Amino acid sequence: MPTFQSKKFVPKSFQNTFAASYRSSLSRHPFLLFGLPFIATMVAGSFFLTPAAALRYERHDRKVKTLSKDEELGLKRIEGRKAFDINEEYYRLAAKDLDDWDNKRVKRLKGEGDGVL
């Protein structure tokens with residue numbers, strides 16, 4: 001006879017409860033009693049969280065679209081200012097003399113190397 005019995009001790013008060021019947025039937029039907037409720041919870045959670053996520057994005061879009069009066073006025077062109085023309089800007093920059101320039105050294109901070117060997 002072995003030292004310890006292979007049969008576990010189960011008190012009388014535990015034998016007729018729902019937990020005991022669920023545990024014994026879980027070993028016979030694991031997917032039906034564990035896997036199926038888990039998958040059902042994931043699917044139901046997806047359906048319940050979809051409107052919450054949509055509400056979040058709708059609120060963000062509403063906040064981005066709403067402009068205050070000051071921002072709206074800032075977007076309009078200021079009177080008296082000329083409209084921007086890319087061709088005019090190109091020719092203005094092309095007219096500058098880019099060959100006449102001097103290389104000037106920048107003063108270094110204390111402890112920083114000056115780059116001279």
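Which residues line the largest pocket? Keep that in mind as we walk through this predicted model, starting with its overall plan.

The protein's secondary structure consists of five helices and zero strands. If you follow the chain from its beginning, the pattern reads α-α-α-α-α. Of the 117 residues in the protein, buried ones make up 3%.

Now back to the opening question. The lining of the largest pocket is made of Lys-8, Phe-9, Val-10, Phe-14, Gln-15, Ala-20, Arg-23 and Ser-24. Two elements each give two or more residues to this lining: helix 1, covering 12-15, and helix 2, covering 18-28. Helix 2 is the one that gives the most, with three residues. The space in this pocket comes to about 200 Å³. Sorted by class, its lining has four nonpolar residues, along with two polar and two charged ones.

Moving along the chain, you reach helix 3, which runs over residues 30-65. How does its span agree with its number of residues? Helix 3 has 36 residues, and at 1.5 Å a residue it should span 52 Å; the C-alpha atoms at its ends are indeed 52 Å apart, so the two values agree. While you are looking at helix 3, find Leu-49, where there is a kink of about 30°. The proline Pro-51 follows shortly after that kink.

Finally, let us turn to the aromatic rings. The structure holds two aromatic pairs. One of them is formed by Tyr-90 and Tyr-91, with 5.3 Å from centre to centre. Their planes stand at 70° to each other, and the pair is edge-to-face; the angle earns that name because planes over 60 degrees apart count as edge-to-face. Are these two tyrosines buried or exposed? Tyr-90 counts as exposed because its relative accessibility is 56%, and the cut-off for exposed is over 50%. Tyr-91 is exposed too, with a relative accessible area of 56%.

Notes: Residues are numbered from 1 along each chain as its sequence is written. This is a predicted model: local features need pLDDT of at least 70, side-chain atom pairs count only at pLDDT 80 or more; totals for chains, interfaces and linings use all residues. Side-chain values use heavy atoms; hydrogens and water are left out. On a 1 Å grid over the protein atoms alone, a cavity is a set of points where a 1.4 Å probe fits but cannot get out, and a pocket is an open set with protein on both sides within 12 Å along at least five of seven lines; lining residues have an atom within 4 Å of a point. Grid points are joined across faces, edges and corners, and a volume is the space filled by probe spheres set on the points. Helices (H or I, at least four residues) and strands (E, at least two) are DSSP runs, numbered from the N terminus. Ala, Val, Leu, Ile, Met, Phe, Trp, Tyr, Cys and Pro count as nonpolar, Asp, Glu, Lys and Arg as charged, and the others, Gly among them, as polar. Rings of Phe, Tyr and Trp (its six-membered ring) pair if their centres lie within 6.5 Å; planes under 30 degrees apart count as stacked, over 60 as edge-to-face and the rest as tilted. Buried means under 20% relative accessible area, exposed over 50%, partly exposed in between (1.4 Å probe, protein chains only). The expected span of a helix is 1.5 Å times one less than its number of residues. The bend at a residue is the angle between axes fitted to the seven residues ending there and the seven starting there.
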